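Work through the exercises below with the sequence and the model side by side, and try each task before reading its solution.

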Amino acid sequence: FQEAFAGDWPWEVATAPVVAERAHAPGYAVLLWFVTRLGDSESVVRSLSWLAHLAGGVLVYSLAAKASGRRLVGAVATLLALLTPLATRYARDATPYALVGLLTLASTVLLERALRSDDRRPWFGWAAANIVGFYVHYFTLFFAAGQVVVLLALGWRTHKSQRARRRVAFGVLALGVLGAAVALWGPEVIRAFLMSAEDNQVTQSVYPVAPGFLSFVLEHLRVLFGVPDAAAWLAVPLGLAWAVGLIRLWRDRPVLGALLAVPFALVLVLLLASYTLHAVKFGGRVYYGWRWLRPYTPAIALPLAWLLPAAWRSPRALFAGFVAAAALVLAAWTGIETGVAFARPAQVRAAELLHEEARNGDGIGVLPAPFYSVGWSFYLHERARDFVHPGPSIWDYWGREAGDGSQSRRVFGPIRSFGLPLESLATHGDVARLWVTIFRERLFDRPEFDEAVTEQALALFDRRYQRQKRFSLPFMELVAFAKPTFDPWAS
């Protein structure tokens, strides 16, 4: 959301440091910039994600129903793709992942069509979908790489026929167009990942402690299947049913099966690279890349839906079909629960509380500071665009005039320190009373950041301050710390 306000013109937004430092491609930020010309309310800004989410459902239905010849398969695959927690979570956020899911699915449909026909238009449609996907989020290249592997493998197997050679020629030409588009933006990609590496040196301090790699992968699969953490064991039978469905799908529609399976296999390579980089470079802490899995929800939905017709014909597949039906019910329940979770509005209420409770000279701190300081300043300034990004480390906030017409309060915050725990914040000389805003957001039943780091910072405050007030909100806490008064006559 903040990236859309990083410049006055699309080019300024596309090349802004805030877009680069998170290793996000500029496309979605530029789209949001245009959307904010219509308004910057939550419903308007999130509309892109909702529209992409719904369009992806239409595309899943079309693909599954045509491939199987059964509307039931299309309907079940659509419900699975739309209602899993992973899909609903990013359908309600102002983030690019729902649009990335739509574009990667479109590229799959177009490539499958191109490999079945002599029409050149699907080839260039496939290249266009991948180019737009690349400019929306760089990690779509992993998905495109899986498609290229399938394209090269099929081209090698069938290269002797004249029709196949024509298709390969179209494919090579489309790959050239895609490669040229990536190369043109290459310097910005390098800049983005260099800035992201520097940013991670700061943010890694609040990432969760790394588990074993197998546990790391299984946790991502649990989220992809839509299984709650309390019933994580259900990912095992779901995974087996999915494997059976994928084998049947690959047997019935080899090209489509390969286009779903190979990019999915490559995402494991991405997870391995991410795990190794973070665990080695960041002191044994890792980043859970659940959002990277959003484009792969159709690869889960279609094989599970493919099992249902087979379950009626084959007693051996009956159990797998039952598991697929159970997956639909489970995904729908947890997905709807995720979609309606009351999380973000808590920031508005917390800002209102601070406006009511803060006194002249108070300070405001944020935990974990590397992620929430900038967004928090936006709500404290009542959605003033000037305070979205970049936010200074210490800013002055002028509240409304008091009832007697006197000058409004002067409040410092959110005071931001990248070095956690926040020793510099706890000993700030100008702040007699400090409000600490604690974000305890959970994502897919797990804390998004290591809560032990927050507790260490709070323990430091307890040594130097006294707790005066505490407010509990959904996913948030507000704690007021005051410096103890010094009594010279006390023993």
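The exercises that follow go from the whole chain to helix pairs, aromatic rings and backbone angles.

This is a predicted model, in which local features need pLDDT of at least 70 and side-chain atom pairs count only at pLDDT 80 or more, whereas totals for chains, interfaces and linings use all residues. Residues are numbered from 1 along each chain as its sequence is written, and side-chain values use heavy atoms, with hydrogens and water left out.

**Exercise 1. Describe the protein chain as a whole.**

Begin with the secondary structure, which comes to 21 helices and 8 strands; these are DSSP runs numbered from the N terminus, with helices (H or I) of at least four residues and strands (E) of at least two. Next, consider burial: of the 491 residues, 54% count as buried, where buried means under 20% relative accessible area, exposed over 50% and partly exposed in between, for a 1.4 Å probe and protein chains only. Finally, among contacts (heavy atoms within 4.5 Å) between residues at least 6 apart in sequence, 73% join residues at least 24 apart.

**Exercise 2. Classify the packing of α5 on α8, and then that of α14 on α15.**

Two packed helices are described by the angle between their axes and the distance between the axes. The axes are lines fitted to C-alpha atoms over the stretch in contact, and angles run from 0 to 180 degrees between N-to-C directions.

Step 1: α5 (residues 47–68) and α8 (residues 97–116) have axes that come within 8 Å and cross at roughly 25°. That makes α5 roughly parallel to α8, since angles under 35 degrees count as roughly parallel, over 145 as roughly antiparallel, 65 to 115 as roughly perpendicular and the rest as oblique.

Step 2: the residues in this contact include Ala52, Leu59 and Leu63 of α5, together with Leu102, Leu105 and Val109 of α8. By class, the contact of α5 with α8 has 11 nonpolar, 3 polar and no charged residues, where Ala, Val, Leu, Ile, Met, Phe, Trp, Tyr, Cys and Pro count as nonpolar, Asp, Glu, Lys and Arg as charged, and the others, Gly among them, as polar.

Step 3: α14 (residues 235–252) and α15 (residues 254–281) pack at about 140°, with their axes 6 Å apart, and α14 and α15 are therefore oblique to each other. Among the residues that meet are Trp242, Leu246 and Trp250 in α14, and Leu256, Leu260 and Phe264 in α15. The contact of α14 with α15 divides into 10 nonpolar, 1 polar and 2 charged residues.

**Exercise 3. Which kind of aromatic pair do Phe134 and Tyr135 form?**

The structure holds 25 aromatic pairs, counted for rings of Phe, Tyr and Trp (its six-membered ring) whose centres lie within 6.5 Å, with planes under 30 degrees apart called stacked, over 60 edge-to-face and the rest tilted. Phe134 and Tyr135 lie 5.0 Å centre to centre with 75° between the planes, and the pair is edge-to-face. Phe134 is buried at 1% relative accessible area, whereas Tyr135 is partly exposed at 22%. Both belong to a cluster linked by ring pairs, which includes Trp11, Tyr138 and Trp292.

**Exercise 4. Examine phi at Phe444 and Asp445.**

Most residues other than glycine have a negative phi. Phe444, however, has a positive phi of about 55°, and Asp445 has a positive phi of about 75°. Phe444 is found in the loop between β5 (442–443) and β6 (446–447), as is Asp445. Their accessibility then separates them, with Phe444 buried at 10% and Asp445 partly exposed at 39%.
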